[in-house]
Structures are given as C-alpha cells and as structure tokens.
Amino acid sequence: MRVLAIQRYAFAADKVRTAEVFKLPMRASPVFVNDAFVDRVRDAGLRAVSFKPRWTSDGSIGDERPSA
C-alpha cells in the first residue's frame, strides 16, 4: 500500500518515546520535533526558525504555537 497524502497526524507515544527529532519511515517525510526541542531552539535565541503544531500528547491539534 502506498501513502499518497496524510490528512491528520497521530503518533503512538510508545513509538516516539523521548525522541526530540524524528522522521517517519517514508521517503518524503517532514522532520518532526517535540516541545523540548522547540524550547531548546527558543532558549538558544535562534531566529528564522518556525514550527507548526501537528499533534499533542492527547491526540488533539490545539492552537498553533507562535513562531520562534
């Protein structure tokens, strides 16, 4: 079976675990990061970096976090 498009992301916590940065096992997968990674980027004062929320630990999407 071939995936053509992803309409909604959902991740199993036991699979992602504590990974701060990861990709899906697909060729054109975007890079996903968790809140700890986002916080490290902001704490480091990096600019021209933005993040789009794709999921929360409870499975909801939630409000978009402001860009870094």
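The exercises below work through the fold, core, contacts and backbone of one predicted model.

Residues are numbered from 1 along each chain as its sequence is written. In this predicted model, local features need pLDDT of at least 70 and side-chain atom pairs count only at pLDDT 80 or more, while totals for chains, interfaces and linings use all residues; side-chain values use heavy atoms, with hydrogens and water left out.

**Exercise 1. Lay out the secondary structure and the surface of the protein.**

Step 1. Count the elements. There are two helices and two strands. These are DSSP runs, numbered from the N terminus: helices are H or I with at least four residues, strands are E with at least two.

Step 2. Read the order. From the N terminus on, the elements run α-β-β-α.

Step 3. Check burial. Of the 68 residues, 15% count as buried. Buried means under 20% relative accessible area, exposed over 50%, and partly exposed in between (1.4 Å probe, protein chains only).

Step 4. Take the surface. The accessible surface comes to about 5900 Å². Carbon and sulfur atoms hold 51% of that surface. The areas come from the Shrake-Rupley method with a 1.4 Å probe; for residues, only the protein chains shown count as cover.

Step 5. Check the sequence range of contacts (heavy atoms within 4.5 Å). Among contacts between residues at least 6 apart in sequence, 17% join residues at least 24 apart.

**Exercise 2. Find the largest nonpolar core and follow one member outward.**

Step 1. Apply the rule. A nonpolar core is a set of buried Ala, Val, Leu, Ile, Met, Phe, Trp, Tyr and Cys residues joined through side-chain atoms within 4.5 Å.

Step 2. List the members. The largest core has five residues: Tyr9, Val16, Phe22, Leu24 and Phe32. In soluble globular proteins, nonpolar side chains tend to be buried together.

Step 3. Follow Phe32. Leaving out residues up to four places away in sequence, Phe32 touches Tyr9, Phe11, Glu20, Val21, Phe22, Leu24, Arg54 and Trp55.

**Exercise 3. Place Ser29 and name its partners.**

Step 1. Locate it. Ser29 sits in the loop between S1 and strand S2 (31-33).

Step 2. Classify it. Ser29 counts as buried because its relative accessible area is 6%.

Step 3. Find the partners. Beyond four places in sequence, Ser29 touches Lys23 and Leu24. The Ser29 side chain reaches the backbone nitrogen of Leu24 at 2.8 Å.

**Exercise 4. Identify the salt bridge and classify both partners.**

Step 1. Count. The structure holds one salt bridge, meaning a side-chain nitrogen of Lys or Arg within 4 Å of a carboxyl oxygen of Asp or Glu.

Step 2. Name the pair. Glu20 bridges to Arg40, with the closest N and O atoms 3.1 Å apart. The pair links distant parts of the chain, 20 residues apart: Glu20 lies in the loop between H1 and S1, Arg40 in helix H2.

Step 3. Classify. Glu20 is partly exposed, because its relative accessible area is 23%. Arg40 is at 55% relative accessibility, so Arg40 counts as exposed.

**Exercise 5. Examine two residues with positive phi.**

Step 1. Recall the background. Most residues other than glycine have a negative phi.

Step 2. Take Arg17. Its phi is near 50°, a positive value. Arg17 lies in the loop between helix H1 (13-16) and strand S1 (21-23). At 68% relative accessibility, Arg17 is exposed.

Step 3. Take Ala48. Its phi is near 60°, again positive. Ala48 lies in the segment after helix H2 (35-43). Its relative accessible area is 83%, so Ala48 is exposed.

How values were computed: Polar contact = N/O pair within 3.5 Å; in protein donor to acceptor, adjacent residues only side chain to side chain.
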